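This report walks through one structure, from domains down to single residues. Please keep the viewer open while reading.

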Amino acid sequence: MEPPKIWRERRERYLGIGIICEDCQKKNFPKTRICPDCGSENVKPYKIAERGTLKYFTQIMNTGDELIFNTPYIVGLVELEDGIKVTAQIVDCDFKELRKGMKLEKTFRVLARNGKEGLIKYGFKFRPI
Amino acid sequence: MSNEVYIIGTGQTKFGEFFNLNIGDLASEAVNKAIENAGIGKDEIRTLFIGSTVSNSLSQSSIGGICTRSCSLSSNAYRIESGNASGAAAFHHAFLSIKSGLYDVVAVLGIDKLSDYIQNGTIEKILASSIDYQWEYEMGATLTGLYSFLTQAHMEEYGTTLEQLAYIPTKNHQNGVLNPKAQYRYAIPLEKFLNAKRIADPIGRFDVATPCDGAAVVILASERYIENKKPHSYKVKILSSSAGSDTLALQHREKLTELKATRLAVNDAYNKAKISANDINVAEVHDSHPIGEILAIEDLGLVPKGEGGKATVEGLTALNGKITVNPSGGLKARGDPFGATGIAQLIEIVEQIRGNAGKRQVEDVKYGLTQNVMGTGVMSYVSILGRGDN
């Protein structure tokens with residue numbers, strides 16, 4: 001994990017800041033300098049919705065080394081109330097309790113650890129409401 | 001004179017775990033076999049296009065010089081990367097280099113050595129490099145986790161069942177038994193796939209292709225070269241080589257029930273080859289996960305949309321079925337050394353067209369197709385091959 005990268009992504013990871021295009025009005029996450037939909041440079045920061053519904057989910061049994069401490073964990077594709085979709089972990093629940101279409105809310109958590117004494121990366125996950 | 005492009009030679013190592021061989025060892029075996037097969041001199045090769053995902057090691061990403069030295073080649077060489085589809089991407093560029101009239105003879109080497117990285121989660125990170133590393137992998141997803149979403153979307157939309165999905169690797173392992181170059185030359189019963197532990201529900205632990213070691217080479221030549229030199233080997237014509245793209249992350253796609261990049265690539269490929277899906281006799285497709293083959297055969301137009309599972313159960317895609325899919329055993333039974341996979345797919349189609357496929361020979365092959373995919377389908381390459389006398 002690279003400290004400058006963690007610092008650079010802080011607004012997206014910690015606050016969920018994406019963009020809204022002032023020309024085509026489309027919202028996008030993560031941020032880009034030009035609108036991915038219409039190519040306009042006329043974009044401004046936009047904070048993504050805090051709540052959404054679960055579209056798809058699965059339980060991850062095996063993954064890369066900085067995330068392996070957390071396995072097994074649940075990851076899902078969440079559609080937010082503003083139409084933006086994100087991939088994120090689903091926490092504070094049991095895999096068997098989860099259902100497609102469940103209402104979820106964003107929560108601030110540890111995403112990855114670089115060993116016992118290394119950096120900790122934070123970001124958002126979702127939990128059932 | 002038109003500028004048609006032909007495959008005049010092929011060479012391939014066995015795929016598997018070779019802890020005693022380095023990348024140069026694998027490259028030289030495949031290159032030498034291909035040169036011998038083509039009946040040309042090493043000095044005739046103008047450029048070596050290398051399709052490779054992780055190369056020699058995580059720190060030696062420039063492998064052109066390593067491959068030319070170990071193969072005793074004096075040509076230019078460079079690496080082309082397109083994740084798990086690096087082999088097909090390199091082939092596409094080699095094809096363009098001859099089609100443009102610039103070169104007459106080039107070689108394409110697909111190569112990866114992944115058995116060094118199977119421990120400690122490294123292979124999962126390598127696989128994550130062809131999905132959205134920041135906003136899928138770092139958020140918790142893996143390549144197999146994302147294929148689980150694709151599987152669920154298809155099951156929901158078209159009623160595809162776990163049993164239908166399990167028929168894919170079962171069939172491909174049956175074919176792999178007949179392929180001397182395959183990593184796994186044994187059949188696995190359907191029940192074993194169905195009863196296995198789920199690694200990313202609904203995907204089971206035996207469903208996923210295994211990253212391994214291997215190298216595969218095809219040698220391409222121009223029509224002008226063949227008319228002047230007439231190499232002895234039976235030539236196979238490249239009717240088209242096309243590419244398509246989609247978004248990197250699944251969350252940015254409108255729907256998860258199709259591989260848009262594959263659809264775009266194949267439409268272009270059929271147009272350029274002036275044939276349709278009905279003309280294809282044999283196809284090698286990207287079955288890294290069972291849903292990958294179902295999506296591939298549907299989006300390539302080989303079976304109607306939504307009926308990939310049903311068609312597989314009915315045996316339409318079995319060896320000498322209506323259209324044979326993955327006679328080599330596919331990524332699942334052949335093993336998946338990422339960069340080498342796309343080239344091994346082409347070699348299988350060349351062998352089928354030449355009539356050299358032994359016990360897995362499909363009857364009367366006129367046209368064959370390959371489809372190689374990066375990640376969950378962000379880039380897709382489709383090539384159509386035909387007999388040299390077409």
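In chain B, the domain assignment gives domain 1 as 5-118 + 211-237 and domain 2 as 124-209 + 239-387. The model is a predicted one. The centres of domain 1 and domain 2 of chain B, taken over C-alpha atoms, are separated by 23 Å. Their contact takes 47 residues from domain 1 of chain B and 42 residues from domain 2 of chain B.

Chain A is also assigned two domains: domain 1 covers 11-48 and domain 2 covers 49-129. Here the C-alpha centres of domain 1 of chain A and domain 2 of chain A are 22 Å apart. Domain 1 of chain A puts 11 residues into the contact, and domain 2 of chain A puts in 13 residues.

**Fold of chain A**

Chain A holds two helices and eight strands. Along the sequence, the pattern reads α-α-β-β-β-β-β-β-β-β. The C-alpha trace of chain A spans about 45 × 35 × 20 Å along its principal axes.

**Cis peptide bonds**

Two peptide bonds deserve a look in the viewer. The table sets out the residues joined, the omega value and the place of the proline.

| Residues joined by a cis peptide bond | Omega | Place of the proline |
|---|---|---|
| F29(A) and P30(A) | about -5° | P30(A): loop between β2 and β3 of chain A |
| D201(B) and P202(B) | about 5° | P202(B): loop between β5 (198-200) and β6 (203-204) of chain B |

Another backbone feature sits in chain A. D92(A) is not a glycine, yet its phi is positive, near 60°. D92(A) belongs to the loop between β6 (85-90) and β7 (103-113) of chain A.

**Surface patches**

Which residues gather in a patch of positive charge on the surface? They are R10(A), R11(A), K31(A) and R33(A). Of these, K31(A) is located in the loop between β2 (27-28) and β3 (43-47) of chain A. P30(A), from the table, is in the loop between β2 and β3 of chain A too.

Chain A also shows a nonpolar patch on its surface. Y14(A), L15(A), F108(A), I120(A) and Y122(A) form this patch, and together they have about 430 Å² of accessible area. Two elements, α2 (10-15) and β8 (120-128) of chain A, each give two or more residues to the nonpolar patch. L15(A) is in helix α2 of chain A.

**Salt bridges**

Side chains of opposite charge can pair when their charged atoms come close. How many salt bridges does a search of the whole structure find? The search finds 34 over all chains. One salt bridge joins the side chains of K44(A) and E22(A), at 3.5 Å from N to O. K44(A) is in strand β3 of chain A and E22(A) is in the loop between β1 (17-21) and β2 of chain A, so this pair ties together parts 22 residues apart in sequence.

**In brief**

Chain A and chain B each carry a domain 1 and a domain 2. For chain A, keep in mind the positive patch with K31(A), the nonpolar patch with L15(A) and the salt bridge between K44(A) and E22(A). For chain B, keep in mind the cis peptide bond between D201(B) and P202(B).

Note on methods: Residues are numbered from 1 along each chain as its sequence is written. Chains are lettered from A and ligands numbered from 1 in the order in which they are written. This is a predicted model: local features need pLDDT of at least 70, side-chain atom pairs count only at pLDDT 80 or more; totals for chains, interfaces and linings use all residues. Side-chain values use heavy atoms; hydrogens and water are left out. Patches are made of residues with over 30% relative accessible area and no salt bridge: like charges are joined within 9 Å, nonpolar side chains (Val, Leu, Ile, Met, Phe, Trp, Tyr) within 5 Å. Accessible areas come from the Shrake-Rupley method with a 1.4 Å probe; for residues, only the protein chains shown count as cover. A salt bridge is a side-chain nitrogen of Lys or Arg within 4 Å of a carboxyl oxygen of Asp or Glu. Lys and Arg count as positive and Asp and Glu as negative; His and the chain ends are not counted. The place of a charge is taken as NZ of Lys, CZ of Arg, CG of Asp or CD of Glu. Helices (H or I, at least four residues) and strands (E, at least two) are DSSP runs, numbered from the N terminus. Domain bounds come from an automatic or database domain assignment. Contact means heavy atoms within 4.5 Å.
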